[in-house]
Amino acid sequence: MTTAPPPLLELADIAKSFGAVRALRNGRFELRAGEIHALAGENGAGKSTLMNIIDGILQPDSGSIHIDGQPVRIDSPATAQGLGIGFVHQEIALCADISVAENIFMAETAQSRRRLMGGADLIARAAKVLAPLAAIDPRLPAGSLSISQQQLVEIAKALTLDCRILILDEPTAALTGHEAQKLFGIMRNLAARGMGIIYISHRMAEIFQNCDRVTVMRDGQHIRTDRTRDITPADVVNAMVGRQIDALYPAKLTGQRGPEILSVTKLTDRRYQDVSFALHRGEILGFAGLIGAGRSEIARGVTRLEGKARGEVRLYGEAVTLRDYADCIAKGIVYLSEDRKGDGLFLDLSIAANIAALDLSRIAGRGGVIDPARETEQAQRIGTSLKLKAASMAHPVVSLSGGNQQKVALAKLLAVEPKVIFLDEPTRGVDVGAKAEIHGILRGLAHSGVGVAVISSEMPELIGLCDRVLVVSEGRIAGELSGADLTETNIMTLAAPGALSGAMALSGTLP
Amino acid sequence: MNMTAQDRSLLSRLFGARETGLVLIILTLFIIMSFASPHFLTWTNMRAMTMAFSVEAIVVVGMTILLISGGIDLSVGSVTALAMVIAGLLFLNGVNPWVASLIAIAACAGIGAVIGFFVTFVGLHHFIVTLGAMVIARGLCLLGTGGRPLGLFELPESFKWIGIGSIGVIPVAIVIFVIVVVAFDFLLRRTTAFRLVYYTGSNEKAAAYSGIRTKRVIFLTTVLCSTLCGVAGIIYMARFGSAQPTFGVGMELNVIAAAVIGGASLSGGKGTIFGAILGAILLSLVSSSLALLNVSVYWQDIIRGTILLAAVTFDHYLVKRQAAGGRA
């Protein structure tokens, strides 16, 4: 064997924590020149954190990065660009009002010494970059393009940077099959010219058809790296999800579940179609699915927080008309937002004021005059039942830890004694202890007769907490899992159809 | 002049920390001025000082509530002047002054409704809509009067009473001011309807996610602010005995400064009426003190601006420290 040249990019022992959450423990990745290297893992496995470290957006707590065998420190995206690293993010970040051409050469404009923007020259160069990808007029404002065209512009933008390392984060999520095929063609061309490409995807078929190697991450750790021709898609899926569920979760429902509390029939809106489900007394119902599949949208559609969903909603068997969210609250159907800080809490208001927000009449006397004593009493009563740790109910919510903030968000809903409660990512950004407490609270609610529906991106949470899980895929309910069928592999199979099931059928190891 | 711990805790219970600080600053300034100028601690000066801010303070109330809901209104000065002009023109055309005043206040409410419409239904920013309203309302004032003040010499004494009369030794304008301030402070602190204003301003999305009809809240606080400008305009008219189309130029800055010094935030969700009134008192006290000390008028603006910046900077660090302290 001859001595191989050092890999193009090598990351070793990368660790990164956000407060109490350890996003990466043992991040490891190796990219060779001329290869397309897939990175796979569940949501929250640490893929994005690792990529953001490569791109200089985040700084690792420890670990080393080498490019061509030389140690480097990447302290900003500009440094990353200087080192020849290009990153196409999953989220599209174009300036909607300026032309495609100007968007493509944004980075160049920022660094250029020229004072004037180029005119015809810029458009011609943009057209040249775009030509192999799609027929897009570079003079159009970026905002006028479709999502898939915008995604292609993002890719074109990265291609102009003259990079040696290209990171593509789920680039095909918004693309049609035809566009994706074109993209793969370009990727192979670039790799043949010596570029190293990191390709992040959930879709097994894409990984196995287009990538040379695949690295699997789980829980912030490197699990395995193999050549795609040496392993099967099933191996990758098992590596992604294979983990024992421990006893961190409360005991599930034993015996018969109760009668229907809420039933939804043929709920349809722009983002989802013909969604029907029933929520029974005593059970915790889970909603699984990839990000963007429509899970949250369904919950926000039922509660009238978003969109104009058509369909029938019955509460205790009776059809109800829900005009807006205020109506839902009045009928006892509430929603816990996935974005606690963005739209769940009033961070600078007191804990008591937060808990009272959904229904002020509970703390007010005649003429709508608030009784501060009742306000404090309500907050203390619900806070105690949730084991909320706070020095005073008059303190602003921003002074609490993530777990306690989440308990306030939950208390806010429980204050109206809801009949049905939708929880979107109820334990996101919460440490392990508080997480188990929240799970216990939810089980207690279900036990006391409240209808509990949990939306989560964490499969262990869905499997450990829920009695029954509906898997949402591309705006439809792809299947229902419970009991022994409720496994990560089954959820993944239903959640990522086409791609995954196609690959599975190919490998012949799974139904 | 050191306060005992008990006094301080009593103050803190009555007001928040911010209000307590302002009261202490005002008291300190008051005591210093009593020694510095023989004209300061006289009944005439006290009365003049209170009269000077009492009417503007009604506008401060409206602005503070609007700021808490997350809005702002640059048109308060022009709308106050327009109330005067509308009521004055109607009166000169034979309308009963009380009826004319009600029509003028309703017209101001209408302007608030138009601003509110553009903000909530069209979706424009308060700043730009009220900038437009400010210019238009001023234009209407000048158009209606030809740019000259309207002399309203025929106004009956019973009407002028609200501007220059007294109940016992207390001027009526000050009585109205106290009633408005106490009433709105109570409403804002204690009623469910006004609590929605805090929720909406603190985090509009979270308010919507709490079932609050936030657009309605913002619309109504906008209308309330313009309506209170109308009320202030009528009191000014009764006091001056004339309608002045150029009155209130720059008033918005003074009013916003008072509210912000009193603890309101331009990003919404924060502020109290008492705090804002203390801010108005402080600004007024500083102005009249400087005048008594024969400091050039030009310095007054510079000092007022400096106080505003100092208050906001102080607030900024207080908030940062709170957030950092809480994380531990």
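These legends accompany close-up views of a predicted model with chains A and B.

**Figure 1. Chain A as a whole.**
Chain A holds 19 helices and 20 strands. Its radius of gyration is 25 Å, close to the 24 Å from the globule rule for 511 residues, so chain A is as compact as a globular protein of that length. Measured out along the principal axes, the C-alpha atoms fill a box of roughly 75 × 55 × 45 Å. Of the 511 residues in chain A, 53% are buried. Contacts across the sequence are frequent in the count: among those between residues at least 6 apart, 67% join residues at least 24 apart.**Figure 2. The surface and charges of chain A.**
The accessible surface of chain A comes to about 22000 Å². Carbon and sulfur atoms account for 51% of that surface. Chain A carries 55 positive and 57 negative charges. The mean positions of these two sets are 1 Å apart.

**Figure 3. Chain B as a whole.**
Chain B has 14 helices and four strands. The radius of gyration of chain B is 20 Å, close to the 20 Å that the globule rule gives for 328 residues, so chain B is as compact as a globular protein of that length. The C-alpha trace of chain B spans about 65 × 55 × 35 Å along its principal axes. Buried residues make up 52% of chain B. Of the contacts in chain B with a separation of 6 or more, 77% are between residues 24 or more positions apart.

**Figure 4. The surface and charges of chain B.**
Chain B exposes about 15000 Å². Carbon and sulfur atoms supply 71% of this area. There are 20 positive and 11 negative charges in chain B. Their mean positions lie 9 Å apart.

**Figure 5. The largest nonpolar core and a second core.**
The largest nonpolar core has 128 residues. Phe277(A), Phe422(A), Leu442(A) and Val452(A) have the most contacts inside this core. Helix 7 of chain A, residues 177-192, gives the most to the core, with seven residues. A second, separate core has 103 residues. Leu152(B), Leu155(B), Ile277(B) and Ala311(B) are among its members. In soluble globular proteins, nonpolar side chains tend to be buried together.

**Figure 6. The surroundings of Phe422(A).**
This view centres on one of the residues with the most contacts inside the largest core, Phe422(A). Neighbours within four places in sequence are left aside here. The contacts of Phe422(A) then include Leu262(A), Phe277(A), Ala299(A), Val302(A) and Thr303(A). Ile333(A), Val334(A), Tyr335(A) and Leu336(A) also touch Phe422(A), as does Ala453(A).

**Figure 7. Pro77(A) beside residues 55 to 57.**
Pro77(A) is placed in helix 2 of chain A, which covers residues 77-82. The relative accessible area of Pro77(A) is 39%, and the residue is partly exposed. Pro77(A) and Asp55(A) are 22 residues apart in sequence, yet their C-alpha atoms are 5.4 Å apart in space. Not counting residues up to four places away in sequence, Pro77(A) touches Asp55(A), Gly56(A) and Ile57(A).

**Figure 8. Positive phi at Tyr316(A).**
Most residues other than glycine have a negative phi. Tyr316(A) has a positive phi, near 50 degrees. Tyr316(A) is found in the loop between strand 14 (310-315) and strand 15 (318-319) of chain A. With 46% relative accessibility, Tyr316(A) counts as partly exposed.

**Figure 9. Positive phi at Asn294(B).**
Asn294(B) is not a glycine, but its phi is positive, at about 60 degrees. The loop that holds Asn294(B) runs between helix 13 (273-292) and helix 14 (297-327) of chain B. Asn294(B) has 72% relative accessibility; exposed means over 50%, so Asn294(B) counts as exposed.

**Figure 10. Thr64(B) in helix 3.**
Thr64(B) lies in helix 3 of chain B, residues 43-68. At 0% relative accessibility, Thr64(B) counts as buried. Apart from neighbours within four places in sequence, Thr64(B) is in contact with Ala259(B), Thr272(B), Ile273(B) and Ala276(B).

**Figure 11. Ala52(B) in helix 3.**
Ala52(B) also lies in helix 3 of chain B. Ala52(B) counts as partly exposed, at 48% relative accessibility. In sequence, Ala52(B) and Ile281(B) are 229 residues apart. In space they are 9.6 Å apart, C-alpha to C-alpha.

Note on methods. Residues numbered from 1 in each chain as written. Chains lettered and ligands numbered in written order. Predicted model: local features only at pLDDT ≥ 70, side-chain atom pairs only at ≥ 80, totals over all residues. Heavy atoms only, no water. Helix = DSSP H or I, 4+ residues; strand = E, 2+ residues; numbered from the N terminus. Rg over C-alpha atoms; globule rule 2.2 N^0.38 Å. Buried < 20%, exposed > 50% of the residue type's maximum accessible area, 1.4 Å probe, protein only. Contact = heavy atoms within 4.5 Å. Areas by Shrake-Rupley, 256 points an atom, 1.4 Å probe, with all protein chains shown as cover. Lys, Arg positive; Asp, Glu negative; His and termini not counted. Charge placed at Lys NZ, Arg CZ, Asp CG, Glu CD. Core = buried A, V, L, I, M, F, W, Y, C linked by side-chain atoms within 4.5 Å.
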